[in-house]
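Thank you all for coming; I would like to walk you through a structure that is probably new to most of you. Please have a look at it on the screen before I go on.

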Amino acid sequence: MMDSDVLHLPAPAKLNLMLRIVGRRKDGYHLLQTVFQFIDHCDWITLRRRSDGVIRLVNPLPTVPEDQDLTVRAAKLLRKFTGIGYGVEIEIEKNLPMGGGLGGGSSDAATALLGLNVLWRTGLSLQDLMVLGLQLGADVPVFINGRSTWAEGVGEVLTPLDLPEPWFVVLVPGCHVSTAQIFSAPNLTRNNKPITISDFLAGQQENHCLPVVSELYPEVRAALCGLGRFAHAKLTGTGACVFAAFAEEADARAAVAALEREWLVFFARGRNRSALHRALKLA
Ligand SMILES: C[C@](O)(CO)[C@H](O)COP(=O)(O)OP(=O)(O)OC[C@H]1O[C@@H](n2ccc(N)nc2=O)[C@H](O)[C@@H]1O
Ligand SMILES: Nc1ncnc2c1ncn2[C@@H]1O[C@H](COP(=O)(O)OP(=O)(O)OP(=O)(O)O)[C@@H](O)[C@H]1O
């Protein structure tokens, strides 16, 4: 995986196993309760250290200008915060659909921060990196922390969780859902009762964005219906992806084989430690 000045690291996807909206702050941000679990389906990021201080993305994504890419923003943030003189050449192998609720952009940013902290020998703690990462996006700290998590507040109050690690089948509808659009929808319910971790573990796992997303996006409705023929289908985050859990790998494979004639679909194992933490051998 690594020699002295190159790192090749995974940036795994997450699923929101449930998403409750329990209030709204004065600044318009919503108070949430959500559960994150990682899956072993990943973008891959190569970081090549440069000694001249230049930060460069070799292969910008077609829809994201180089200076707005979250990996480039992460590198610039870490360089500014630490005052380090190194630079980096970044290459992204993009496998995660964008705007799908799988958190690919946030995960890429977390992988860049953790990887560069090693490559540039900046020695920040996970806690320091989580605080820095929050400037890049609400979900970035969860990817830096690398553990299945119960999250509250606007997503920044984190409690690690140990969960079963089933196989997940994920279906990718051909539409992008705007998170801001869903959170500003007039008919989103914003005053739901908070629950406890025990309630979640006992099966209270609804996603309060689901009714709004289903109403606005027929593709998501159809995806829920398609996957729902095999197991209970849920929405991750604000969508667009939908997923279902399977205890047996063979059942997940059978669902994929049947669905892939009509849908973009993949399956991956749920993980309580992210592929990034496993690759970096973090304790
Ligand atoms: C809801 C989740 O998908 C759960 O994983 C994420 O927390 C959303 O994270 P994200 O896509 O990085 O979203 P952000 O870029 O932070 O926010 C997009 C927009 O969603 C709305 N937003 C987001 C998070 C939140 N707790 N309350 C909100 O009202 C805000 O209007 C914000 O402008
Ligand atoms: N490296 C990157 N990969 C993906 N998106 C990026 C990246 N850098 C910046 N972005 C921007 O971030 C936006 C959100 O992308 P992302 O794939 O994380 O969405 P998402 O899966 O819906 O995330 P979430 O579940 O956190 O809402 C993209 O539409 C894009 O404009």
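Let me begin with a word on usage: when I say that a residue is near a molecule, I mean that its C-beta atom, placed from the backbone, lies within 6 Å of that molecule. Please also keep in mind that what you see is a predicted model.

With that in hand, we can turn to ligand 1, which is surrounded by 18 residues, the closest being His30, Ala138, Val154, Phe183 and Gly237. The elements that contribute two or more residues to this shell are β3, residues 30–50, and α5, residues 179–183. Sorted by class, the shell around ligand 1 comprises 11 polar residues, 6 nonpolar ones and 1 charged residue.

Now to the annotation: an unreviewed UniProt entry places a feature called "domain: GHMP kinase N-terminal" at residues 70–146. In the model, this span is 57% helix and 9% strand, and its end C-alpha atoms lie 18 Å apart.

How, then, do helices α2 and α3 pack against each other? Helix α2, residues 104–119, and helix α3, residues 126–134, meet at an angle of about 140°, with 11 Å between their axes. The two helices, α2 and α3, are therefore oblique to each other, and α2 passes α3 in a right-handed crossing. On the α2 side the contact is made by Ala109, Ala110, Leu113, Leu114 and Asn117, while α3 supplies Leu129, Leu132 and Gly133. By class, this contact of α2 with α3 has 6 nonpolar and 2 polar residues, and no charged ones.

Notes. Residues are numbered from 1 along each chain as its sequence is written. Chains are lettered from A and ligands numbered from 1 in the order in which they are written. This is a predicted model: local features need pLDDT of at least 70, side-chain atom pairs count only at pLDDT 80 or more; totals for chains, interfaces and linings use all residues. UniProt positions are given in the numbering used here, feature names are shortened, and annotations may be inferred rather than shown by experiment. Helices (H or I, at least four residues) and strands (E, at least two) are DSSP runs, numbered from the N terminus. Axes are lines fitted to C-alpha atoms, for helices over the stretch in contact, and angles run from 0 to 180 degrees between N-to-C directions. Angles under 35 degrees count as roughly parallel, over 145 as roughly antiparallel, 65 to 115 as roughly perpendicular and the rest as oblique. A crossing is left-handed if the near helix is turned anticlockwise from the far one by less than a right angle, and right-handed if clockwise. Two residues are in contact if their C-beta atoms, placed from the backbone, lie within 7 Å. Ala, Val, Leu, Ile, Met, Phe, Trp, Tyr, Cys and Pro count as nonpolar, Asp, Glu, Lys and Arg as charged, and the others, Gly among them, as polar.
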